[in-house]
Amino acid sequence: MTSPSLAGRLSSPRRETDPRRLAEAVSGRTVLITGASFGLGAATAELFAAAGATVLLVARTADKLDEVASRIHGNGGTAHTFPTDLSEPAAVEALATAIIEQHGAPDIVINNAGKSIRRSLDLQLDRPQDFVRTIDVNYLGPVQLLLRLIPAMTEAGGGRIVNISTVGVRMYPGPRWGAYQASKGAFDTWFRSVTPELHARKIATSSIYMALIHTRMSAPTPSMRRLPGLDPEHAAQIVAAAVVDGRRVLAPWWSWPLDTVSAAAGGVFAAAYTRAFRFTADSASARARHEVLR
Ligand SMILES: NC(=O)c1ccc[n+]([C@@H]2O[C@H](COP(=O)([O-])OP(=O)(O)OC[C@H]3O[C@@H](n4cnc5c(N)ncnc54)[C@H](OP(=O)(O)O)[C@@H]3O)[C@@H](O)[C@H]2O)c1
């Protein structure tokens, strides 16, 4: 693996690059990773499995999950696949039951599956489905899964839940990102709200506010391809840092002042975004408004 660019490193939270420290934290543990078929989830699964964790892989695309699992098996690791659509309540229920019956309570849950949409309001006026899909995958499905796993984790003596959030929820929300930001913000708010209750159950929490990762999620927006970010393998080392250090919050250094300024001077951001909106456009894929269910 090559080193990330300086700009990519500076734009993102701290990474854990020592495989021995990760092995001490996860070897022999069961780690459930949602969204493990592509991008950050797949890279995290491979990193944690290489450190000795048994990884349980969840996503819809069964053949991609199988590819990730067979790479892990090829490297001597242990992985089990659970093809599931997290936007289907019956499927989430069946997933939780299968995990608990087959593997017991996971020691660590990484809530990573996500759906992003960047599309202007003009193009969304006849697309309520954009809001249904994002809220289902980014909020309701993960909460439903955790509602089943939390009692099992408590009974097993505790564990850790890591939420893969976005730095966007710490800043004044920008145009075109409404559906995505609202759904990621919903989970983030719920997760922070129940954190004291989870701690009372000996379940530790980590919220990771990721900056740009170059994956198929960010690829359709041309400006994202030019901005500094991390590749999924380096971003997975941020997930490793959350588990190794046990930190409650991991965010890029620059998000702290921006968070404060956003809260104190929201009007300045609103005015800047109003101007910027006129000079930016929807991507070709957003304009295509295709009816793909992904
Ligand atoms: N990329 C970025 O710049 C960035 C920045 C900040 C935060 N994040 C967050 O990082 C996480 C990972 O994103 P990524 O960049 O790795 O994106 P990605 O490559 O598109 O991966 C998203 C994962 O979520 C799964 N998923 C989507 N819909 C699902 C559903 N209905 N049921 C089950 N699984 C589903 C996908 O698998 P299937 O399609 O096979 O179901 C895939 O494995 C997300 O939570 C995202 O919000 C990303």
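**Exercise 1. Determine which backbone oxygen lies 2.9 Å from a polar atom of the side chain of Thr84, and classify Thr84 as buried or exposed.**

Solution. The partner is Phe82, whose backbone oxygen lies 2.9 Å from a polar atom of the Thr84 side chain. Such a polar contact is a pair of N or O atoms within 3.5 Å; within protein, one must be able to donate a hydrogen and the other to accept it, and residues adjacent in sequence count only if both atoms are side-chain atoms. Next, Thr84 is placed in the loop between strand E3 (78-83) and helix H5 (89-103); helices (H or I, at least four residues) and strands (E, at least two) are DSSP runs numbered from the N terminus. Finally, Thr84 counts as buried because its relative accessibility is 8%, where buried means under 20% relative accessible area, exposed over 50% and partly exposed in between (1.4 Å probe, protein chains only).

The model is predicted: local features need pLDDT of at least 70, side-chain atom pairs count only at pLDDT 80 or more, and totals for chains, interfaces and linings use all residues. Residues are numbered from 1 along each chain as its sequence is written, and side-chain values use heavy atoms, with hydrogens and water left out.

**Exercise 2. Describe the surroundings of the ligand: which residues come nearest, and which element gives the most to the shell?**

Solution. Of the 29 residues around the ligand (a heavy atom within 4 Å), Arg60, Thr61, Asn112, Tyr180 and Thr215 come nearest. Polar contacts follow. An oxygen atom of the ligand is 2.7 Å from an N or O atom in the Arg60 side chain. A nitrogen atom of the ligand is 2.8 Å from an N or O atom in the side chain of Asp85. A polar backbone atom of Phe38 is 3.4 Å from a ligand oxygen. On its own the ligand has 880 Å² of accessible area, of which the protein covers 96% (Shrake-Rupley method, 1.4 Å probe).

By element, helix H3 (39-50), strand E5 (159-166) and helix H7 (178-200) each supply at least two shell residues; E5 gives the most, with three. By class, the shell has 14 nonpolar, ten polar and five charged residues. Here Ala, Val, Leu, Ile, Met, Phe, Trp, Tyr, Cys and Pro count as nonpolar, Asp, Glu, Lys and Arg as charged, and the others, Gly among them, as polar.

**Exercise 3. State what lines the largest cavity.**

Solution. A cavity is a set of points, on a 1 Å grid over the protein atoms alone, where a 1.4 Å probe fits but cannot get out; lining residues have an atom within 4 Å of a point. The volume of the largest cavity is about 50 Å³, taken as the space filled by probe spheres set on the points, which are joined across faces, edges and corners. Its lining includes Asn111, Ala113, Val137, Lys184 and Phe187. Helix H6 (128-155), E5 and H7 give two or more residues to this lining, which divides into five nonpolar, four polar and one charged.

**Exercise 4. Compare Arg176 and Lys202: where does each lie, and is each buried or exposed?**

Solution. Most residues other than glycine have a negative phi. Arg176 has a positive phi near 75 degrees, and Lys202 one of about 65 degrees. Arg176 lies in the loop between E5 and H7, whereas Lys202 is in the loop between H7 and strand E6 (203-210). Arg176 counts as buried because its relative accessibility is 9%; Lys202 is exposed, at 61%.

Terms used. 1 Å grid on protein atoms, 1.4 Å probe; cavity = no way out; pocket = protein on both sides within 12 Å on 5 of 7 lines; lining within 4 Å.
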